[in-house]
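This briefing concerns side-chain contacts and burial in a single protein model. Please read the points below alongside the sequence and the coordinates.

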Amino acid sequence: MAAAAEPGARPWLGAPRPGSPACSPVLGGGGRARPGPGPERIGARSLGPAAAPGHSFRKVTLTKPTFCHLCSDFIWGLAGFLCDVCNFMSHEKCLKHVKTPCPSVAPSLVRVPVAHCFGSRGLYKRKFCAICRKGLEAPALRCEVCELYLHPDCVPFACSDCRQCHQDGHQDHDTYHHHWREGNLPSGARCEVCRKTCGSSDVPAGVRCEWCGVQAHSVCSTALAPECTFGRLRSLVLHPACVRLLSRNFSKMHCFRITETVVPEPGEEDGGVDGGAAAGPGREMLPPAESSKQTLKIFDGDDSVRRNQFRVITVPRLARSEEVLEAALRAYYIPEDPGNLELHALPSQAGDAWARAKVGRAGISEEEEGSRGPESCEASPEAWVIRALPRAQEVLKIYPGWLKVGVAYVSVRVTPQSTARMVVLEVLPLLGRQAEGPESFQLVEVLMGSRQVQRTVLADEELLFNRLWDIRQTSLRQVSQTRFYVAESRAAAPRVSLFIGGLPPGLSPQEYSNLLHKALATKGPSRTPSPEGHLGVLPSAAISRGAWPLSLPLAAVVSVSHVYSSQGAVVLDVTCFAEAERLYMLVRDTAVQGRLLTALVLPDVLHWNLPPDSCPLLVFVNPKSGGLKGRDLLCSFRKLLNPHQVFELTNGGPLPGFHLFSQVPCFRVLVCGGDGTVGWVLAALEETRHRLACPEPSVAILPLGTGNDLGRVLRWGAGYSGEDPFSVLVSVDEADAVLMDRWTILLDAHEAASAENGVADAEPPKIVQMSNYCGIGIDAELSLDFHQAREEEPGKFTSRFHNKGVYVRVGLQKISHSRGLHREIRLQVEQQEVQLPSIEGLIFINIPSWGSGADLWGSDSDSRFEKPRMDDGLLEVVGVTGVVHMGQVQGGLRSGIRIAQGSYFRVTLLKATPVQVDGEPWVQAPGNMIISAAGPKVHMLRKAKQKPRKAGTSRDTRVEATPAPEGDPK
């Protein structure tokens with residue numbers, strides 16, 4: 001929004017202290033243009049309305065059509081009110097209703113600090129940055145767990161206010177309040193209270209709870225009950241109070257099993273210029289070189305100087321130091337009083353020698369003051385460092401480390417002699433804990449970064465005054481992101497569960513322990529997480545504890561709690577955080593028998609705390625399926641549900657999910673992928689069924705593959721085409737349970753002569769599970785050619801339409817192919833030999849859909865056979881005569897050749913023949929194939945039929961409708 005200010009605009013920091021430079025009557029008196037973010041402003045004149053929480057509003061003249069960020073209505077006239085720090089624009093009448101805090105004070109309002117999970121950069125249309133409130137026109141970042149969108153250079157200024165998805169031993173609670181996130185609502189969103197439009201595609205207006213999805217105006221949200229009911233999906237959500245994960249320095253990317261991408265820190269890729277920002281949070285281009293203005297590089301402490309990460313501001317060349325300092329504070333979102341700070345010049349040749357020339361109120365060094373005069377900054381250096389002035393004492397806010405306290409924090413004065421123990425003694429009576437001994441409490445420093453929340457227990461003799469001074473010297477911005485908690489000393493016993501997959505199957509627990517010890521013994525020195533969650537070198541004391549904890553003397557630290565021998569996986573219980581972090585990184589870089597191992601951090605599900613009506617949904621997503629739509633679904637389901645219940649199948653497969661839910665008494669499963677992915681998950685469910693407290697969970701499907709025959713039969717559609725993920729979850733909740741047969745195929749190959757020496761080698765028997773169909777011959781050959789083409793060039797197979805085109809091309813190449821399959825195989829049904837007609841393909845079908853929805857069996861009645869059902873315990877055997885016959889079946893012109901129906905089959909292959917099961921093809925050596933029923937039937941979820949919607953009714957929303965209170969709070 002281009003705007004121009006009226007003369008005499010009030011300086012930043014809504015209510016400056018008397019006598020500070022921020023309230024000096026000289027500032028702006030000469031009619032100078034205001035420095036700082038945003039477009040060029042004209043004149044200045046002081047204004048009366050009081051500022052909202054942390055904002056610095058001033059009246060501006062509008063030069064373009066714009067909308068209010070509070071009510072999202074158009075601002076009529078030529079005047080509006082703009083926050084100099086975060087670009088919040090408002091009507092004059094809306095100023096007194098603004099509740100959204102400015103990013104400069106937002107960290108102080110965080111209830112429980114939780115770090116964000118930022119994925120790779122992407123283009124997000126019609127989205128707005130939560131810090132500078134500008135549109136995201138260039139590649140930006142978004143949190144994978146909540147609806148937070150940021151410019152890359154705004155990430156350091158975001159506070160740690162992500163959703164709390166599990167208990168971590170710090171301020172755990174059972175009652176969850178609404179977790180409001182402002183802006184980026186759909187343009188048609190309706191307020192839950194007043195039923196008026198609260199979303200906007202022009203400005204970041206309105207708020208939305210990231211648990212229950214209720215949407216409202218920020219003013220109207222105060223009329224809602226603070227407790228969150230988790231909305232329409234509450235029965236599907238794994239309640240965060242039922243998940244425990246003591247992660248310490250594990251990053252949230254590790255905790256939520258989110259694939260990590262290397263995201264450069266701001267300033268690393270462009271030599272330090274902070275994302276091209278010209279004036280702090282604004283994103284206007286640098287002004288052309290002219291005599292009246294200059295651009296300055298601003299650093300906020302030693303750390304930014306060392307990293308060469310700075311912010312750029314534009315100020316008039318005749319600006320006083322107070323104006324420059326205020327612009328610098330706005331650029332870094334620092335809410336401190338400018339009277340306690342000063343600017344130090346940083347010469348361009350920098351090196352190790354910094355310029356220590358203090359900047360006086362004239363904005364120049366003391367040596368040059370006599371020659372240039374107090375009003376000029378023309379020869380001042382281009383780089384400046386914000387420094388704190390020495391203080392005799394500090395006022396420190398101490399937060400209680402437990403819940404249900406009458407106050408949010410207490411303030412105490414800290415002197416150079418104050419220690420952590422002295423502060424604890426002073427604070428306990430103020431918090432009502434004076435009856436307890438101070439030795440039961442400790443002072444904890446918490447750094448609330450946007451990517452990582454770090455907790456450090458301070459020693460009793462730690463001098464807090466010196467520690468605060470060191471933080472200010474390192475980074476002034478870090479001061480507002482640092483809290484001090486007084487917490488009970490008895491910490492929860494550390495326990496981390498590590499899932500390790502990719503091991504050879506069929507070994508004993510001791511053999512797995514020895515194998516891991518051997519594989520990891522040759523690894524380098526131990527490592528621990530750095531402040532940003534990446535791993536650095538482990539301290540020498542930790543290295544001395546040994547290289548592999550499964551060997552003595554660390555047998556008490558690490559133990560094998562679960563062994564999944566058939567899948568080649570184990571679960572380790574680690575009672576030492578440092579060892580857990582070290583093992584996690586070592587395992588991820590280790591290969592056993594040429595196969596890279598998988599390491600996942602798994603939480604504990606407190607199943608006894610689950611609500612009575614809870615039936616959480618376990619979600620598996622194959623990101624490679626469905627034209628790569630799986631990536632977007634992963635992010636959507638993590639935001640709609642608890643991210644702990646969403647698993648990426650390419651990262652460990654389905655086994656970690658079933659292990660996590662093994663003690664949940666009732667749950668359902670959603671598989672997002674093709675028919676092969678569904679078969680993979682059902683096979684893992686069959687193998688782990690005896691370990692589950694819910695042995696028969698119902699399985700729903702979101703079809704992402706090419707054929708999706710099982711999804712068609714269960715009414716989930718021919719393929720996912722971008723439906724609202726929330727609507728998908730509602731359909732899963734309303735789906736009906738049905739039964740489906742599962743079949744076991746025993747592949748027992750005959751002895752085959754070795755090509756090298758003629759010695760007979762017998763292939764070991766193999767067992768394959770089947771849900772949909774099994775094909776032998778021409779259809780398996782087409783599937784095999786398609787599979788090989790996709791393996792050679794996977795990047796081309798990102799569209800369902802393209803995949804089907806490849807199938808057609810492969811089929812045309814084999815249209816004249818003839819091998820006489822009936823002469824190469826023998827078929828027995830229920831121990832009876834069956835004479836085969838002249839066919840090129842033999843197909844066993846369990847469901848009434850084959851080859852992307854074709855009815856291979858046909859609908860004609862036949863007295864020889866029963867009417868097929870997928871839960872009748874019978875398979876139908878059908879033959880096809882070639883590619884042309886298959887095409888006719890696909891077009892609905894013909895059906896297959898009905899051959900048999902039964903529950904036990906033996907197929908003898910006389911030659912090596914292509915075989916495919918549920919879309920997964922291979923070439924089977926000569927031998928026997930025995931097909932029989934596989935144990936109990938599988939419980940599937942069939943989508944309920946859509947009921948016709950009455951005229952005038954609105955679509956189902958994420959929250960249940962509640963009566964609106966009388967009157968309009970707006």
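A residue is called buried when its relative accessible area is under 20%, exposed when that area is over 50%, and partly exposed in between (1.4 Å probe, protein chains only). Helices (H or I, at least four residues) and strands (E, at least two) are DSSP runs, numbered from the N terminus. The model is predicted: local features need pLDDT of at least 70, side-chain atom pairs count only at pLDDT 80 or more, and totals for chains, interfaces and linings use all residues. Residues are numbered from 1 along each chain as its sequence is written, and side-chain values use heavy atoms, with hydrogens and water left out.

**Helix α3**

- Helix α3 is mostly covered, since eleven of its eleven residues are buried.
- Among these buried residues are the charged E322, E323, E326 and R330, together with V324, L325 and L329.
- The buried residues of α3 pack against β11 (293-299), β12 (311-316), β13 and β14 (383-388), where contact means heavy atoms within 4.5 Å.
- Y333, which follows α3, has a positive phi, near 55°.

**Aromatic pairs**

- Rings of Phe, Tyr and Trp (its six-membered ring) pair if their centres lie within 6.5 Å; planes under 30 degrees apart count as stacked, over 60 as edge-to-face and the rest as tilted.
- A search of the whole structure yields 17 aromatic pairs.
- One of them joins F157 and Y332, whose ring centres are 6.1 Å apart with planes at 70°, so this pair is edge-to-face.
- F157 belongs to the loop between β6 (149-150) and β7 (180-182), and Y332 to the loop between α3 (321-331) and β13 (341-346); the pair therefore ties together parts that are 175 residues apart in sequence.
- Both partners are buried: F157 has a relative accessible area of 6%, and Y332 has one of 4%.
- W857 and F865 also make an edge-to-face pair, because their ring centres are 5.2 Å apart and their planes stand at 75°.
- W857 is buried at 6% relative accessible area, and F865 is buried at 15%.
- One aromatic cluster is formed by F67, F74 and W76.

**Charges over rings**

- A charge sits over a ring if NZ of Lys or CZ of Arg is within 6 Å of the ring centre and within 35 degrees of the ring normal.
- R691 is placed over the face of Y564, at 4.3 Å from the ring centre.
- K766 is placed over the face of W922, at 5.0 Å from the ring centre.

**Salt bridges**

- A salt bridge is a side-chain nitrogen of Lys or Arg within 4 Å of a carboxyl oxygen of Asp or Glu, and by this rule the count comes to 34.
- D161 and R181 form one such bridge, with the closest N and O atoms 3.0 Å apart.
- D161 lies in the loop between β6 and β7 while R181 lies in strand β7, so this pair ties together parts that are 20 residues apart in sequence.
- R181 counts as buried, at 7% relative accessibility.
- R195 and E192 meet in a salt bridge of 3.5 Å, N to O; R195 is partly exposed at 43%, whereas E192 is buried at 8%.
- R391 and E394 meet in a salt bridge of 3.3 Å, N to O; R391 is partly exposed at 24%, whereas E394 is buried at 6%.
- A network of salt bridges links R232, R668, D733 and E734.
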